[in-house]
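Welcome! Let us walk through this structure together, part by part.

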Amino acid sequence: MGEIGDIELFASLGAESAKRFAPMLTWRTYPANELVIDMDDASNDVLFVVTGSVRVIHRADDGKQVILGELGPGSIFGEMAAIDGIPRSASVTTLQTSLIGSMRAQAFLDVLACEPEVCRAVLNLLVGRIRALNHLLSEHAYLTAVERLYAELLRLSRPRAGHDGQRSISPPPTQQDLAERIGSRREVVSRALRKLEKDALVEKTRGALVLTDPSALNRRISLEGLWVKLDP
């Protein structure tokens, strides 16, 4: 069982507000690989990840799917349906055992109306997601599938401990996962990864995919304006 103080979005609530809104939350621990919300579902609860992580997926009518991203502790999802009342635009599935809080749409809207700091945080969240979506749309408009793969590998990577200048992805994503992230086919990803290994830009190790020269990988993206900014 969680508490309202466990939810990052509500960190600015005073004691009285926290006491008022806490009963409006329900809690559930989901096992790994369980569907939390389904695309086109009419539900409109807002959900808060306290522990664990979830994956957001958009599915097309022909069965193809695109991974829109993963959300970890402190993240919220489902807020769009709460705001506009339109059915869910994506499915969300747990990646591991996850403690998730949920709040009815009207209760969430009441919090936004009464708590300016929470409202501002939600606005910042939505603006950030719009900016990220604009960037991904630009990638799909101007980059090849292989270039989008380079960008996704860089985004997923983190600095590799003990190896200056290198980055790694651990655990390594499957080729199918990468294909679904960039809106392409597994065969395209497989060929591109083999080429990167041949060029010594990618190395497979136990439990990780290593980017041996991230800057060189970035330069293979044709438009400098779409190079990935690497977090230190």
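How many residue pairs are in polar contact across the interface of domain 1 and domain 2? The rule finds five such pairs, both residues being at pLDDT 80 or more; a polar contact is a pair of N or O atoms within 3.5 Å, where within protein one must be able to donate a hydrogen and the other to accept it, and residues adjacent in sequence count only if both atoms are side-chain atoms.

A word on the basis: this is a predicted model, in which local features need pLDDT of at least 70 and side-chain atom pairs count only at pLDDT 80 or more, while totals for chains, interfaces and linings use all residues. Residues are numbered from 1 along each chain as its sequence is written, and side-chain values use heavy atoms, with hydrogens and water left out.

Now to the layout. Domain 1 covers 4–140 and domain 2 covers 144–219, with bounds from an automatic or database domain assignment. Their C-alpha centres are 29 Å apart. Nine residues of domain 1 and eight residues of domain 2 take part in the contact (heavy atoms within 4.5 Å).

Together the two domains bury about 810 Å², with 42% of it on carbon and sulfur atoms; buried area is the accessible area (1.4 Å probe) that two parts lose on being put together, summed over both. On the side of domain 1, I67, E139 and H140 supply 57% of the area buried against domain 2, more than any other three residues.

The interface also holds three salt bridges, each a side-chain nitrogen of Lys or Arg within 4 Å of a carboxyl oxygen of Asp or Glu. R181 forms a salt bridge with E70, and their closest N and O atoms are 2.5 Å apart.
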